[in-house]
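Here is a friendly walk through one structure, from a single loop residue out to domains and chains. Keep the viewer open as you read.

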Amino acid sequence: MSDRLIYLDNNATTQVDEQVLEEMLPYLKGEYANPSSMYTFAKKSSNAIKEARVKVKEFVNAESEREIIFTSCGTESANTAIRGVLSMNKDKRHIITTKVEHPCVLNVYKSLEKQGYNVDYIGVNSNGELDLEELSNKVNGDTALVSVMYANNETGVINPIDKVSEIIKSKNKNTKLYVDAVQVAGKIPIDVQACGADMLGISGHKFHAPKGVGALYVNSKTIITPLIIGGHQEKGKRAGTENVPYIAGLGKACEIAQENLHYEATEVKRLRDKLEQGILKNIFNARLNTGVANRVPNTTNIGFEYVEGELILLHMSDLGICASSGSACTSGSLEPSHVLRAMNVPFTAIHGSIRFSLSKYTTEKDIDYVNSVMPEIIEKIVKLSPYQDELAELRRRKGV
Amino acid sequence: MWDYSEKVMDHYRNPRNVGKIDDADAVGNAGSLTCGDQLKIYLKIKDGIVTDAKFQTFGCGSAVASSSILTEMIIGKSVEDVRKITNKDIADELGGLPPEKMHCSVMGYEALEDALKGYVDKDDLNQALNVVNGKSEIKEKIVCTCFGVTENVIWEAIKLNGLTTVEEVTNYTKAGGACGKCKSAIQDIIDTYYHKEKKVKEEAPVLSPAQKILKINNIIENQISPELQKDGGDITLVDIVDNKVSVRLRGRCSGCRNSNLTLKAFVETTLKNAVDKNIEVIEVN
C-alpha cells in the first residue's frame, strides 16, 4: 500500500546495524574455519569468539568472561538457565516467577509445574509494577529459583532487580535468581554484579545484531547442567560448533549498544515521550496502560477504548507504520495479552492496546508523521463501533 | 501476518453500510466487548424483503469484513432466503478466511440469526414463534464458559462446515480457545454428531443411587473444585435428590460478565459427561 516504512516494533526485532554486519562478513566468507581446529587458519575465528566474549562480559559487567555462554536466542538462554539450575538442585521443589513473564520463561515454568514443581506466579499492580511484598512472602527454604524479567516486553516496565535480589537472598541465600534481560539490553545499563543476578539472558536481535544469537551470563557461584549436550564447546555448557559470524556480530552489537546508552536515555526517550503525549493529547479514547511506572526509554503501551487492536494495526500498516497489539486477534490466540490481563487493564481498552517501540533509527519525522495520522485512523475505526454512546461520553469528558 | 484475501482487505478498508437504523424492524447482536469482538446488525424489512441493512462492529479486520459483506449479501433478499445464509456463505463470499479467523464469519451468522429470531413475520407468526422457542431452549447450554459459546453454536458450526477436530471448532466458534477446560466437552459434541456416542453409552455401567451420590461428590471435590480454585472460585455440594444436584458457587471468571451463569453450566456439563446426562445443577445461596 505504502512505500513509507516507519518501524515502531523494535521490541519484536530490530534492524541489523551496518557495523555489526561488517563485523560478521569475514566469517561468512574466507574465515570459515572451525574455531576448535588446531591449525593457524582457525586462529581468526577462535579469536573472534574470544573477543566477542570479552565484549559481552563488559556489556553486562560480569566479573569474568568465563561467566558468558553463547546461545542461539533469548529463549535458549532462559531454558538453559532455568532447567540447568534446577537439575543441580533436585531436592528443592519450589520455584517462583511473575505473571507477566515472557513465554520463554512462563511456559517453561508451566511445564515444570506439570512435572510436579510448586510454582508461585507473582502479580503486578495496574501500572505493571511487580508486587515485591508478595515476592517476599513466597520465598522459603525450599525455593530453588526465582525468575524475574528485567523489563517487560509489552509495557517496558522495569523491575527493580537489585531490590528483587535483596529480598530473595535475605529470605534464602541459596535461592538462585534468573533475569530475562532481553528487553533492556541496549536500552538501559546492565550491571550483573550491582543488580545481584545469578544468571541473566540477552538476545542479539533485540539490539541490532541478527536473529539466531544470544548469550547467557551465569555467575561463578552458580552451577548449571547443559541443555544441549555434545562437544566441549562453551566449556561443555552449550555443545555445538560455535556460530562464529553471529557471535562476532553479537559482540559488536554489545559494544555499539554500550556507547549508545546515552542516546537511548535522552533522544529515544524524547521521541517516545513526544509520540506518547501526542497520542494521549489528541485522541480522546487513548489511555496510557502503564501510568507512571518506570519504563525503558523506547516503549509505550497505549489502550484505545472501544476499538480493536488488530484493526488499528491494519490501518497503520496501510500507511507503512509497524507496531504491535496485545489484542487477542493479532496472535491467533483468542485471549488478549496475559500481561495486560495481569495488570487488570479495563476490558474496554485491553483489546485495543497498541505497543509502540522505538530504536536509535527512529527519526523525528517518523514520530511527527505517526502523530499526524493516528487521530484519523482511530476516528475511522470509532465510527464502526457499536458503543457510540459510551464513546460520546468519553469524548465529552475529555473535551476533545 | 494474516493471509487476508483482497476482498477482506477491501471490506475492512472501505466497510459498506456502517451505522445504525433507528427504526429497524429487526436487530441482532453477537459477541461482546469482553470477548474481543462484537457485531450488531440492523435490518429494515418490507413485504418480506430486506430493504436495508446496517452494522456496527467492534473487532478485527476479518470481523469488520464479515459484517460488511453480510449486509451486501442480504439487502434485496427475501427474509426466507436470508434465513438460509450460513457462516460458510459469508466466508466464501469473502474469498475465504484464515482458519483461525473463521469465528468472525460465525459471528456474522449468529448476529443474523439473532436478528431474525427477534423478527416476527406477520404472515407466519406461529412458525416464527416455534423457531424462537425451539432454539432458545437449546441455547441455554453453554459449553465454553470463557467465551459463552453454546452447544447449539458448536453443533451448527460442525454441521455447516464439516468440522471434525476440537481445534477446528475453536477456530470457528472460539470455544475452547482460552482456558481449554471445555475441550473434552467439545470432543463429546463432535463424537455425538458423528454418532460415536452409542458405544460409550452402552459401555457405561448403571450406577446405584448410593454409587451415583459418591461419584458426584468425588467429581466435585477432586475435579471441579480444584479447577475453580485456580481461578479464585469454589464450589460446595449442598444436596443431591435424584438427578438434581444443589451446589453453592463462588466464581471469578477471567473475562466474562455472565460468569456465574457460565460457571453453573461448566459444573453441569462436567457432571453430565462423567455421571449422567440427566443431571441438573441447581445453584443455592
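Is D276(B) buried or exposed? D276(B) falls in between: because 18 other C-beta atoms lie within 10 Å, it is partly exposed, whereas a buried residue would need 20 or more. Bear in mind as you look around that this is a predicted model. D276(B) belongs to the loop between α12 (259-274) and β8 (280-283) of chain B. Setting aside neighbours within four places in sequence, D276(B) has contacts with K212(B) and N243(B). K212(B) is 64 residues away along the chain, yet its C-alpha atom and that of D276(B) are separated by 8.7 Å.

**A covered helix in chain B**

Next, find helix α7 of chain B, residues 151-161. This helix is mostly covered, with eight of its eleven residues buried. Those buried are E151(B), N152(B), V153(B), I154(B), E156(B), A157(B), I158(B) and N161(B). Just past the end of α7(B), G162(B) adopts a positive phi of about 60°.

I154(B) deserves a pause. Not counting residues up to four places away in sequence, I154(B) touches V143(B), V149(B), V169(B), T173(B), A175(B), I186(B) and I189(B). I154(B) also appears in the largest nonpolar core, which has 186 residues; together with Y217(A), I247(A) and L250(A), I154(B) touches the most other members. The largest share of this core, 13 residues, is supplied by helix α8 (residues 244-282) of chain A. As background, nonpolar side chains tend to be buried together in soluble globular proteins.

**A covered strand in chain A**

Over in chain A, strand β5 (residues 143-149) is mostly covered too: seven of its seven residues are buried. β5(A) has parallel partners in β3(A) and β6(A). The table sets out these two pairings.

| Strand paired with β5(A) | Sense | Bridges | Opposite residues |
|---|---|---|---|
| β3(A), residues 94-98 | parallel | three | I95(A) and L145(A) |
| β6(A), residues 176-180 | parallel | five | Y178(A) and S147(A) |

The route from β5(A) to β6(A) includes a helix: β5(A), helix α6 (residues 161-171) of chain A and β6(A) form a right-handed β-α-β unit.

**Where domains and chains meet**

Chain A is divided into domain 1 (6-12 + 261-384) and domain 2 (18-257). Taken over C-alpha atoms, the centres of domain 1 and domain 2 of chain A are 28 Å apart. How many residues are in contact between these domains of chain A? On the domain 1 side there are 24, in contact with 22 residues of domain 2. α8, β10 (299-304) and α11 (338-342) of chain A each supply at least two residues of the domain 1 side. The largest share there, four residues, comes from α11(A). By class, this side of domain 1 of chain A has nine nonpolar, twelve polar and three charged residues.

Between the chains, 23 residues of chain B are in contact with 22 residues of chain A. In chain B, α1 (6-13), β2 (37-46), β3 (49-58) and α2 (61-74) each supply at least two residues of the side that touches chain A. That side of chain B divides into eight nonpolar, ten polar and five charged residues.

Definitions and conventions: Residues are numbered from 1 along each chain as its sequence is written. Chains are lettered from A and ligands numbered from 1 in the order in which they are written. This is a predicted model: local features need pLDDT of at least 70, side-chain atom pairs count only at pLDDT 80 or more; totals for chains, interfaces and linings use all residues. A residue is buried if 20 or more other C-beta atoms lie within 10 Å of its own, exposed if 12 or fewer, and partly exposed in between; C-beta atoms are placed from the backbone. Two strands pair if DSSP finds at least two bridges between them. A crossover is right-handed if, with the strands pointing away from the viewer, the path from the first strand over the helix to the second runs clockwise. A nonpolar core is a set of buried Ala, Val, Leu, Ile, Met, Phe, Trp, Tyr and Cys residues joined through C-beta atoms within 7 Å. Two residues are in contact if their C-beta atoms, placed from the backbone, lie within 7 Å. Ala, Val, Leu, Ile, Met, Phe, Trp, Tyr, Cys and Pro count as nonpolar, Asp, Glu, Lys and Arg as charged, and the others, Gly among them, as polar. Domain bounds come from an automatic or database domain assignment.
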